[in-house]
Amino acid sequence: MYVLHVSTECYPAAKVGGLGDVVGALPKFQVAAGIRSGVIIPKYDTQQIRQFNSEPIKSGKINLAGNEVAYQVYKLFDEAIAFELFAVDIPGLFDRPGIYLDPGTGYPYGDEFYRYLSFQLAVLDWVQSCHQKPDILHCHDHHTGWIPFFISSCSMFSDLASIPSMFTIHNGMYQGIYPWENQRFFPPYAWDKIGLLDWDSHLNAMATAIKCCWVYNTVSKHYLSELSQSCRGLEPLFQLEQQKGIGILNGIDTQLWDPNTDPTINYHYTKTSADKKRSGNREDLLNKFHLDPKLPIMSFIGRLVPEKGADLVAELIPLLTSNDLHVNILVLGTGDPELHRRFLQLKEIMRGRFDCSLEYNESLSHLIYSGSDFLFMPSKVEPCGLNQLYAMRYGAIPIVRTTGGLKDTVVDMDEKGGYGICFEEFTVQQAMGALKRAKDLFDDPKTFHALQKKVMGLNFSWDRSAAMYTEVYQDLLERAVAS
Ligand code: ADP
């Protein structure tokens, strides 16, 4: 079986968040299970991509409303990567220093419609020319959402029409919504299919993908049920198409994320040595940031956007002392420029209790997972969440709001078999209450270390989830043979 993943991120070539982690890990586990698994991403002009050796394997042109756009597909090489990795160079559209955001302004690039449309058409043009075509096209998020439509409705891609398409929703908040007039840039399609492109009189790449794919999935079970209740206007579509939807929890790459071998941290440990050895990483963290060593370190890592509850973190910090809550808060993240300003202000006002690093820094994230006492995730929405899984693997207790994948992966310590701290409502009061419980736990070292050991022993590796994807693929192949 040959599966081709189409994505805008794939660690270590391109990563902004969880999409990069998943598309960098799942194929690795699929190859280990005997599946031929490849990934194609855009070729950005970033340091991450430049570190690869590359070889051009195909040049071609696509047509956008009469304008020819040249592209070149490269094969990327790196000894550490177990799967085939390809990147499409589309000069003028992807040869930029940012993946989604312009690093100069912090805002998204304004021409995303042309970027993602060109990417998808170039991928299909290349796939069509390949001697061995994939058995499954696995598309990830809205940036690849028109592929299921193109292969089923455009005569120019009729060679690919029988290939089953799977669509994974890593984040339903971002749907790829564009003015209806932009459909003139699409390749000719059967006119009776026009309704598949329409959602609320707009183009909506995610809606089209859900309508046209053979099967779609979300990255946790709870998130799947939440999307039918709340998903920026797509709720009726999720209700209508629910028989095509499944929830498959993300896993983590436990080889890459292993506190006993991680090359980015100085002190290695297992769940049995964590209580003694982990403190070295805590000290390294304290040497980097202005925090109080006697108080628990509660860290937030992630995109600084309301969806992740970054605004709630900013709101909560100045209220800590008046609530008699003596803890350290540490933030690593980038995002909303307004939140950057707010965190920089707070860093001055709350020196010694709050510190932050407003950047994307992969190795620093590992140090934070391995040196913090708690990881704080007050997400408003969380499709799966990988941070809590990395935190637990590294011995930081998760403090989470029970939503989406956080609900599927963290059980409150007061429940039978529990190990984390959970709160329900997205309010400062409830979040503050959760931090208070965490402080009490920290002040009880015996219970704290017992829980630390427990979370480190949980298994969230990809093995189980990768096997679930394989089952879905097999089912699709049987349907393809039958049709
Ligand atoms: P998202 O919704 O952003 O994809 P996930 O929890 O699924 O959230 O995945 C986030 C991934 O991105 C994790 O690997 C996390 O460690 C990483 N990450 C997020 N922000 C940063 C940052 N500023 N520096 C380093 N890693 C980051």
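Two strands count as paired here if DSSP finds at least two bridges between them. Keep that in mind as you click around, and remember that this is a predicted model.

**Stop 1: strand β6 and its neighbours**

Select residues 136-140, which make up strand β6. On one side of β6, L137 stands opposite S165 in β7. Now add residues 165-169, the whole of β7: β6 and β7 run in the parallel sense and pair over four bridges. Next, bring in residues 2-6, strand β1, which also pairs with β6 in the parallel sense over four bridges. Look for L4 here, as this residue of β1 is opposite L137 in β6.

Show side chains on β6. Which residues point one way, and which the other? I136, H138 and H140 go one way, while L137 and C139 go the other. That fits a general pattern: in a regular strand, side chains alternate between the two faces of the sheet. Buried means under 20% relative accessible area, and five of the five β6 residues are buried, so the strand is largely enclosed by the rest of the structure.

Before leaving, select residues 147-153, helix α4. Together, β6, α4 and β7 form a right-handed β-α-β unit.

**Stop 2: the salt bridges**

Side chains of opposite charge can pair when their charged atoms come close. Across the whole structure, a search turns up 17 salt bridges. Here are some to visit.

Pick K15 and E362: they form a salt bridge, with the closest N and O atoms 3.1 Å apart. The two come from distant parts of the chain, 347 residues apart, with E362 in helix α12 (residues 362-371) and K15 in the loop between β1 and α1. K15 counts as buried because its relative accessibility is 10%.

Jump to R36 and E84, whose side chains meet in a salt bridge at 2.8 Å, N to O. This pair ties strand β2 (residues 36-42), home of R36, to strand β5 (residues 84-89), home of E84, across 48 residues of chain. Are these two buried or partly exposed? R36 has 29% relative accessibility, so it counts as partly exposed, whereas E84 is buried at 18%.

Finally, select D373 and R282, another salt bridge, at 2.9 Å from N to O. D373 lies in the loop between α12 and β16, and R282 in helix α9 (residues 279-288), 91 residues apart. Both D373 and R282 are buried.

One last selection: add D21 to K15 and E362, since salt bridges that share partners join these three into one network.

Notes: Residues are numbered from 1 along each chain as its sequence is written. This is a predicted model: local features need pLDDT of at least 70, side-chain atom pairs count only at pLDDT 80 or more; totals for chains, interfaces and linings use all residues. Side-chain values use heavy atoms; hydrogens and water are left out. Buried means under 20% relative accessible area, exposed over 50%, partly exposed in between (1.4 Å probe, protein chains only). A crossover is right-handed if, with the strands pointing away from the viewer, the path from the first strand over the helix to the second runs clockwise. A salt bridge is a side-chain nitrogen of Lys or Arg within 4 Å of a carboxyl oxygen of Asp or Glu.
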